[in-house]
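User: Could you take a close look at one helix of your choice in the model below and tell me how its two sides differ in exposure? Please then follow the thread to the residues around it, with every cut-off spelled out.

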Amino acid sequence: MTRAHPAPRQLGARWRAQGIWTDETLLDRFDAAPEAQLAIVDGDVRSTIGNLRAVAQGYAATLHDLGVRPGDIVCWQLPNWWEAVAFCWGVWRCGAIASPITPTLRKHEIGFILDRTNANVIAVPREFRGTDHDAMVRDTGFRGEIVV
């Protein structure tokens, strides 16, 4: 006889009682982490929480200057680089919604996603694996801001 899984509501109540599930967001945990704590290792790059916070704040300021406000959707098609983590946290700092797009998608799919999300901003690498992402996004007819 297989044991039935508890309903999600029951699991949530149990995890809250055990202190496993809290109302903290990832950004809350990020803010509470010690400055000198190692956060990311990406090849030769070693980034501390303090460095990541500073970079994320810079991205947040840029996004704010571009008009990003709480509740806005910001798309990003960045490879699995440490900057993608900092960019995502910058989006969250603005109160915006991060909508990542896998770097393998191309013009048709990106155009569809940008259209459906109503994003006004997308971040892309200048070039990745032989693809000019800036030009590709422009070819979709996207009229918002492209951050490269």
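Analyst: Happy to, and I will start on the outer face: His108 and Arg116 of helix α5 are exposed, where exposed means over 50% relative accessible area, buried under 20% and partly exposed in between, with a 1.4 Å probe and protein chains only. Before going on, a word on the ground rules. This is a predicted model, in which local features need pLDDT of at least 70 and side-chain atom pairs count only at pLDDT 80 or more, while totals for chains, interfaces and linings use all residues. Residues are numbered from 1 along each chain as its sequence is written, and side-chain values use heavy atoms, with hydrogens and water left out.

Now for the other face of the helix. α5 covers residues 107-117, and Ile110, Leu114 and Thr117 are its buried residues. These three lie on the same side of α5 because they cover an arc of only 75° around the axis, the arc being that of the directions from the helix axis to the C-beta atoms. His108 and Arg116 are on the other side. What do the buried residues pack against? Their partners are β3 (73-76), β4 (97-100), β5 (121-123) and α6 (133-139); contact here means heavy atoms within 4.5 Å. Helices (H or I, at least four residues) and strands (E, at least two) are DSSP runs, numbered from the N terminus.

Just past the helix comes Asn118, in the loop between α5 and β5. Phi of Asn118 is near 60°, a positive value in a residue other than glycine. For background, most residues other than glycine have a negative phi. Asn118 counts as exposed, at 59% relative accessibility. A second residue of this kind is Arg129, which is not a glycine either and has a positive phi of about 50°. Arg129 belongs to the loop between β6 (127-128) and β7 (131-132), and with a relative accessible area of 72% it is exposed.

Two of the packing partners deserve a visit. In strand β3 we find Ile73, which counts as partly exposed at 25% relative accessibility. Setting aside neighbours within four places in sequence, Ile73 is in contact with Ile97, Ser99, Thr117, Ala119, Asn120 and Val121; one of these, Thr117, is also among the buried residues of α5. Ile73 has quite another relation to Gln37: the two are 36 residues apart in sequence and 30 Å apart in space, C-alpha to C-alpha. In helix α6 sits Asp134, a buried residue with a relative accessible area of 17%. Beyond its neighbours within four places in sequence, Asp134 is in contact with Val124, Pro125, Arg126, Ile146 and Val148.

Val121 gives us a bridge to another helix. Leu63, in α3 (residues 49-65), touches Val121 along with Val68, Val74, Phe87, Gly90, Val91 and Cys94, not counting residues up to four places away in sequence. Leu63 counts as buried, at 1% relative accessibility. Its C-alpha is 9.6 Å from that of Ala96, although 33 residues separate the two in sequence. Next to Ala96 in the numbering is Gly95, found in the loop between α4 (82-93) and β4. Gly95 is partly exposed at 36% relative accessibility, and beyond four places in sequence it touches Pro70 and Gly71. Gly95 and Gly71 are 6.2 Å apart, C-alpha to C-alpha, and 24 residues apart in sequence.

Stepping back to the whole protein, there are six helices and eight strands, in the order α-α-β-β-α-β-α-β-α-β-β-β-α-β. Of its 148 residues, 35% count as buried. Among contacts between residues at least 6 apart in sequence, 60% join residues at least 24 apart. The radius of gyration is 18 Å, where a compact globule of 148 residues would be near 15 Å; the radius is taken over C-alpha atoms, and the globule rule is 2.2 Å times the number of residues to the power 0.38. Along the principal axes, the C-alpha trace spans about 55 × 45 × 30 Å.
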